[in-house]
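Hi everyone, thanks for making time. I'd like to walk you through a two-chain structure, so have a look at it while I talk.

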Amino acid sequence: MFAPSMRLEVLYFAGCPGHERLLPVLRALAGEHGIALSQRRVDSTAEAAQVRFLGSPSVRVNGVDVEPGADQRNDFGLKCRLYRSSEGQSGLPPQRWIADALDAIVLTIDAPEGAAPVLGQRTDAFRGEPQAAS
Amino acid sequence: MPKRQVEVFTAGCPVCEPTVQLVQEMACSNCEVTVYDLSKEGAEKIKEYRITTVPAVVVDGRLAACCQDSGPNEEQLRAAGIGQAAG
């Protein structure tokens, strides 16, 4: 499978070393989908606000954060991010979220013209189980 | 007089250490400071307080207004009640 219009990106900052544990997973997923993985280091609070950085590591597919509901948050800054899912709590996003986000984009690319959802406007339902509220 | 309960959440990350140090420096004699390293403990409290990033500071069961940029600063922690006797 080759999807040249897909982008997989990890944003991180040096104060949180956890993103390095995520890189092998991201590289494997990028390989499976035939896309490149890009890394962006965020170095200042101003830059964090500019790129809407919610903490390290943050993973985006085509510019969209893989965590359901992340687009509603505005607590940008240089800090370490925590993720809660049905799998528990972790300093890394569940691999399933990333895979689902990539698959959703592939499905959209492959979908007939006019079919929803629109590329880059995935919904929680489209990605699978939403994050638990509590 | 009840003690002010201060909980600091870290993940063994370099960026967390200054916050721990700051809270400990600011804490008054009437403050009881507990530091949780989330790589070892505190998972239930993270859920309870709805903490989404670290470092994070909870004062008397309430998540302090912090972490909007590089982590809690002295002004934010003082506003949360650290360094003052419990009310």
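Let me start with one definition: two residues are in contact if their C-beta atoms, placed from the backbone, lie within 7 Å. With that in hand, among contacts in chain B between residues at least 6 apart in sequence, 66% join residues at least 24 apart. Please keep in mind that this is a predicted model.

Let's stay with chain B for a while. How many helices and strands are there in chain B? Three helices and five strands. Going along the sequence, their pattern is β-α-β-α-β-β-β-α. Chain B has 87 residues, and 38% of them count as buried.

Now the sheet. Four strands of chain B make an open sheet, in the order E2-E1-E4-E5, with mixed pairing. Strands E2 (31–37) and E5 (62–63) are at the edges, and each has a single partner strand, so one side of each has no neighbour in the sheet.

Moving inward, strand E1, residues 4–10 of chain B, runs antiparallel to strand E4, residues 56–59 of chain B, and four bridges join the two. If you want to find that pairing on screen, look for B:Phe9, which stands opposite B:Ala56, and for B:Val8, whose bridge partner is B:Val57.

E4(B) deserves a moment. In a regular strand, side chains alternate between the two faces of the sheet. Which residues of E4(B) are buried on one side, and which on the other? B:Ala56 and B:Val58 are on one side, B:Val57 and B:Val59 are on the other, and all are buried, so both faces of this strand are covered. Part of the picture is helix H1 of chain B, residues 17–26, which lies across E1, E2 and E4 and runs at about 165 degrees to E1(B).

On its way out of the sheet, E4(B) joins E5(B) through two antiparallel bridges, and B:Val58 has B:Leu63 as its bridge partner there. These two strands form a hairpin with two residues between them, and B:Asp60 in the turn has a positive phi of about 50 degrees.

Just ahead of E4(B) there is something for those of you who like backbone details. The peptide bond from B:Val54 to B:Pro55 is cis, with omega near 5 degrees, and B:Pro55 is in the loop between E3 and E4 of chain B. A little earlier, in the loop between helix H2 (43–49) and E3 of chain B, comes B:Arg50. Phi of B:Arg50 is near 55 degrees, a positive value in a residue other than glycine. Is B:Arg50 buried or exposed? It counts as exposed, because there are 11 other C-beta atoms within 10 Å.

Over to chain A. Its mean pLDDT is 81, and 75% of its residues reach 70 or more. Over residues 117–134 the pLDDT is below 50, although this stretch has 35 contacts in the model beyond near neighbours in sequence.

Helix H1 of chain A covers residues 19–33, so to speak, and its 15 residues reach 20 Å from first C-alpha to last, close to the 21 Å expected at 1.5 Å a residue. Its buried residues are A:His19, A:Leu26, A:Leu29 and A:His33. Just after this helix, A:Gly34 takes a positive phi of about 65 degrees.

Chain A has a cis peptide bond too, from A:Ser56 to A:Pro57, with omega near -5 degrees. A:Pro57 lies in the loop between helix H2 (45–50) and strand E3 (58–61). A:Pro57 is also one of the residues touched by A:Leu92, along with A:Gly18, A:Arg21, A:Leu22 and A:Tyr83. A:Leu92 itself is in the loop between strand E7 (88–90) and helix H3 (95–110), and counts as partly exposed because it has 16 C-beta neighbours inside 10 Å.

Finally, where the chains meet. In total, 16 residues of chain A are in contact with 17 residues of chain B. On the chain A side, these divide into five nonpolar, seven polar and four charged. Strands take part as well: E5 of chain A, residues 80–81, and E3 of chain B, residues 53–54, run antiparallel and are joined by two bridges. There, A:Arg81 stands opposite B:Thr53.

That's my tour, and I'm happy to take questions.

Definitions and conventions
Residues numbered from 1 in each chain as written. Chains lettered and ligands numbered in written order. Predicted model: local features only at pLDDT ≥ 70, side-chain atom pairs only at ≥ 80, totals over all residues. Buried ≥ 20, exposed ≤ 12 C-beta atoms within 10 Å, placed from the backbone. Pairing = 2+ DSSP bridges. Axes fitted to C-alpha atoms, helices over the stretch in contact; angles between N-to-C directions. pLDDT = per-residue confidence, 0-100. Nonpolar A, V, L, I, M, F, W, Y, C, P; charged D, E, K, R; others polar. Expected span 1.5 Å × (residues − 1). Lists of a residue's contacts leave out its neighbours within four places in sequence.
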